[in-house]
Amino acid sequence: MKTFENLLPKLVIAPGFVLGFAFIYGFMIWNGVLSVTGSRMLPNYDEFVGLEQYVRLWDMDRWYVALKNLGIFSTLYVGGSLVLGMVLAIFLDQKVRAEGFLRTVYLYPMALSFIVTGTAWKWILNPSLGLEKLMHDMGWASFSFDWLVQSETAIYCVVIAGIWQSAGFAMALFLAGLRGIDDSIIKAAQIDGASLPRIYWRIILPILRPVMFSTILVLSHLSIKSFDLVMALTNGGPGYATDVPATFMFVMSFNRGQIGLGAASATMMLATVAALVVPYLYSELRAKPHDR
Amino acid sequence: MTAKTLSRIAVYAILLVAAFFFLAPLYVMLATSFKDADQIRAGNLLSLPTSLNFESWQLAWSTACTGVDCRGLKPYFWNSVTMAVPAVLISTAWGAINGYVLSMWKFKGSEVLFGFMLFGVFMPFQVVLLPMSQVLGFLGLSSSVGGLILVHCLAGLAGTTLFFRNYYTAIPRELVNAARMDGAGFWRIFWRIVIPMSTPILMVTLIWQFTNIWNDFLFGVAFSGADSKPITVGLNNMANTSSSVKSYNVDMAAAVIAGLPTMLVYVLAGQYFVKGLTAGAVKG
């Protein structure tokens, strides 16, 4: 009976962990195996091709377009959300009226699906009907805004919609961080004659560094995974001008019948996220052992 | 005017401009959905609809076409409901039990197990798409709502485990120890002590899982068949149909319908939603 009581907790979580690990690590390995086969329309485990799919991947112009877009998108999306979120948090923290209302407004996009907001943004950014028509109606006849349909600029439309969606999230994290700071620090600095901008720049921001770090981490892994927004806004187009690795993987695996290549691109995404997250998880679990 | 009033004005100005930026798409969605085709052509993004026209809502809900299928969003909406409700409940309950064991019944190696589970929160799901579609095939669950439920339970498990584990770690250990002294066993402690204390984290997890699963597009588009497509896929197909005449009012009404459930949750349980978001930012 005693041994059963000791075993019970392990027995209870065993199914969840077995299935969870199969889902996470089993499928990672499975995907890795697929990426070294010559699978096309269907998985074909008999045809081992070594790293050929990876060589093909890194030879493809389309893959480089996807990587370049990811680079542009990640940098601007993470940076933009971070800066906008931080500015909003700092301004909201100035004991303003209707803070609750404003917070609600800034954060609601996060509750919506990228597919929903992508549909809305597509209509707003629509050349000749959306923003452009608005400006013409307001008397700015020469205004032209056709970013969404131009190959070189469409990715920036994705950035705009992405920042709109996520800035409120960054704001919420920073606001929580700001509220955790002891007021007496600010008071002391004010007595010393420091101006408010200076206090924020020299004292508050350095204190917020851990918050900033986890915000960057979460946003950048979101940007690597981001799929829905691109699909809803541009469907990867014009042509494949707004492809990112996530859409590249999907198109190759499910539309183009290039399963091996799709698996190889998924592995590259995994490697990027792992490089970002594993050191973080390791240090988090290391630094704070929860043993009592 | 003093420098102080000036800076107050600046603060409010910036906050209001930002509020406008965040609200504009919602306003555009709603305003456009009430316009008819003539009003869309005559007006612009921000112009108010001249009359409240519910026709496009009706069309979006029950007769608009996605491809050759002209049943509106209704079937997709119900697919999403039948998918999200069980998936949310199962993944939450599962995470609660995992979190309970990992915080109060630790054993050698349980921290390491948890650490490995945590990676599931960050993993790009593109990695599981191909193996998962094969597994769903083996199980006979391809292109079914049941298959989507299974995928969402597995995909959500790492996150729900993390939420409950972190919450339960903060519950005083003495409480559990005292109950054990009184002879309460594993399940009795769970039901009588832990679950009654769990309301806040249950809310957070339910809301978090609901928004994630309702809003999911990747699994929906990869694993659903003609009769099991969730609403995000239905909406995307509708809005991306390359028909000759685009009905933006119908698209916008459809988008609002697809976003309504999560918006409602956000309005009704906003504080828990925010907690879920910030908890999702991972504290180890």
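This report walks through the nonpolar cores, one helix pair, a buried arginine and two loop residues of a predicted model.

Let's start with the cores. In soluble globular proteins, nonpolar side chains tend to end up buried together. Here the largest nonpolar core counts 180 residues, and the ones with the most contacts inside it are A:F23, A:Y106, A:F174, B:Y100, B:M123, B:F219 and B:F223. Its largest share comes from helix α7 (residues 154–179) of chain A, which puts in 16 residues. Over in chain B, domain 1 (3–53) and domain 2 (74–278) both give residues to this core, so it lies between them. There is also a second, separate core of nine residues, with A:Y54, A:L57, A:M252 and A:L261 among them.

Back in the largest core, B:F223 is worth a look, as it is one of the residues with the most contacts inside it. Leaving out residues up to four places away in sequence, B:F223 touches B:L129, B:M132, B:S133, B:L136, B:S142, B:S143, B:S144, B:L148 and B:V151.

Now for the helix pair. Two packed helices are described by the angle between their axes and the distance between those axes. For α3(A) and α7(A), the angle is about 40° and the axes sit 6 Å apart. That makes α3(A) oblique to α7(A). The crossing of these two helices, α3(A) and α7(A), is right-handed.

Helix α3 (residues 61–92) of chain A is also home to A:R62. Is this arginine, A:R62, buried or exposed? With a relative accessible area of 12%, A:R62 is buried, because the cut-off for that is under 20%. Setting aside neighbours within four places in sequence, A:R62 is in contact with A:Y240, A:D243, A:F248, A:V251, A:M252 and A:R256. One of those partners, A:M252, is the methionine that belongs to the second core.

Last, a pair of backbone oddities. Most residues other than glycine have a negative phi. A:A98 goes the other way, with a positive phi although it is not a glycine, and B:S143 likewise has a positive phi without being a glycine. Here they are side by side:

| Residue | Phi | Loop | Relative accessible area |
|---|---|---|---|
| A:A98 | about 60° | between α3 and α4 (99–107) of chain A | 48%, partly exposed |
| B:S143 | about 55° | between α6 (126–138) and α7 (145–169) of chain B | 43%, partly exposed |

The serine of this pair, B:S143, is also one of the residues that B:F223 touches.

Terms used: Residues are numbered from 1 along each chain as its sequence is written. Chains are lettered from A and ligands numbered from 1 in the order in which they are written. This is a predicted model: local features need pLDDT of at least 70, side-chain atom pairs count only at pLDDT 80 or more; totals for chains, interfaces and linings use all residues. Side-chain values use heavy atoms; hydrogens and water are left out. Helices (H or I, at least four residues) and strands (E, at least two) are DSSP runs, numbered from the N terminus. Buried means under 20% relative accessible area, exposed over 50%, partly exposed in between (1.4 Å probe, protein chains only). Contact means heavy atoms within 4.5 Å. A nonpolar core is a set of buried Ala, Val, Leu, Ile, Met, Phe, Trp, Tyr and Cys residues joined through side-chain atoms within 4.5 Å. Domain bounds come from an automatic or database domain assignment. Axes are lines fitted to C-alpha atoms, for helices over the stretch in contact, and angles run from 0 to 180 degrees between N-to-C directions. Angles under 35 degrees count as roughly parallel, over 145 as roughly antiparallel, 65 to 115 as roughly perpendicular and the rest as oblique. A crossing is left-handed if the near helix is turned anticlockwise from the far one by less than a right angle, and right-handed if clockwise.
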